[in-house]
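The following note sets out points on the model for a colleague's consideration. It takes up helix packing, strand pairing and the nonpolar cores in turn.

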Amino acid sequence: MTREADIQNQIRIALAPYAIIFRVNSGKVRMADGRYFDTGVPNGYSDLSGFRKSDGKAIFLEIKNEKGRLRPEQKKFLETMQKYDVIAGVARSETEAVKLVLEGEKT
């Protein structure tokens with residue numbers, strides 16, 4: 001089974017001609033000194049986000065491997081984003097991601 005991190009990297013490369021894409025981790029991490037570091041984005045925030053070069057339209061992509069499922073907070077985040085004029089959806093491959101970005105589809 002393909003690791004989601006590998007799929008994310010493949011997608012970032014495939015989208016480079018069309019979009020500026022950032023990888024964002026969400027949640028809290030316990031530091032070595034016992035303190036917590038909070039990434040500052042809400043739970044469920046998409047794995048990849050950025051904007052389409054052609055028109056500046058915002059992009060939110062949740063990346064899953066062939067068996068991956070959305071967690072409830074990921075589903076809620078995407079549903080919230082889809083209420084607006086943005087590109088938001090799930091991609092399991094470079095092909096799906098490029099299609100989402102170029103066509104602006106919502107899945």
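**Notes on the predicted model**

1. In α1, the buried residues are Ile7, Gln8, Ile11 and Leu15. Because they cover an arc of only 100 degrees around the axis, they lie on the same side of α1. The model discussed here and below is a predicted one. The buried residues of α1 pack against β1, β4, β5, β6 and α3.

2. The length of α1 may be checked against expectation. At 1.5 Å a residue, its 12 residues should span 16 Å, and the end C-alpha atoms of α1 are 16 Å apart, so the two values agree.

3. Isoleucine 11 deserves separate mention among the buried residues of α1. Leaving aside residues up to four places away in sequence, isoleucine 11 touches Leu48, Ile63, Ala91, Ser93, Glu94 and Ala97.

4. Which residues of the largest nonpolar core touch the most other members? They are Ile11, Leu15, Ile59, Leu61 and Ile63, in a core of 15 residues. Two or more residues of this core come from each of α1 (4-15), β1 (19-23), β5 (58-63), β6 (87-91) and α3 (94-103). The largest share, 4 residues, is that of α3. Separate from this core is a second one of 8 residues, among them Tyr45, Phe77, Leu78 and Met81.

5. Strand β5 is mostly covered, with 5 of its 6 residues buried. On one side of the pairing scheme, β5 is joined by 4 bridges to strand β4 (residues 48-52), and these two strands run antiparallel. Within this pairing, alanine 58 in β5 is the bridge partner of phenylalanine 51. The connection is a hairpin with 5 residues between β4 and β5, and glycine 56 in the turn has a positive phi of about 75 degrees.

6. The pairing of β5 with β6 is parallel and comprises 5 bridges. Two of the opposed positions may be inspected directly: isoleucine 59 stands opposite isoleucine 87 in β6, and glutamate 62 stands opposite valine 90 in β6. Together with helix α2 (residues 72-81), β5 and β6 make a β-α-β unit that is right-handed.

7. Is β6 mostly covered or mostly uncovered? Strand β6 is mostly covered, since 5 of its 5 residues are buried. In a regular strand, side chains alternate between the two faces of the sheet. Both faces of β6 are covered: Ile87, Gly89 and Ala91 are buried on one side, and Ala88 and Val90 are buried on the other.

8. Isoleucine 21 is located in strand β1. Its relative accessibility is 12%, and because buried means under 20%, isoleucine 21 counts as buried. Not counting residues up to four places away in sequence, isoleucine 21 touches Arg12, Leu15, Leu48, Ser49, Gly50 and Ile59. The C-alpha atoms of isoleucine 21 and glutamate 4 are separated by 16 Å, the two residues being 17 residues apart along the chain.

Note on methods. Residues are numbered from 1 along each chain as its sequence is written. This is a predicted model: local features need pLDDT of at least 70, side-chain atom pairs count only at pLDDT 80 or more; totals for chains, interfaces and linings use all residues. Side-chain values use heavy atoms; hydrogens and water are left out. A nonpolar core is a set of buried Ala, Val, Leu, Ile, Met, Phe, Trp, Tyr and Cys residues joined through side-chain atoms within 4.5 Å. Buried means under 20% relative accessible area, exposed over 50%, partly exposed in between (1.4 Å probe, protein chains only). Contact means heavy atoms within 4.5 Å. Two strands pair if DSSP finds at least two bridges between them. A crossover is right-handed if, with the strands pointing away from the viewer, the path from the first strand over the helix to the second runs clockwise. The expected span of a helix is 1.5 Å times one less than its number of residues. The arc is that of the directions from the helix axis to the C-beta atoms.
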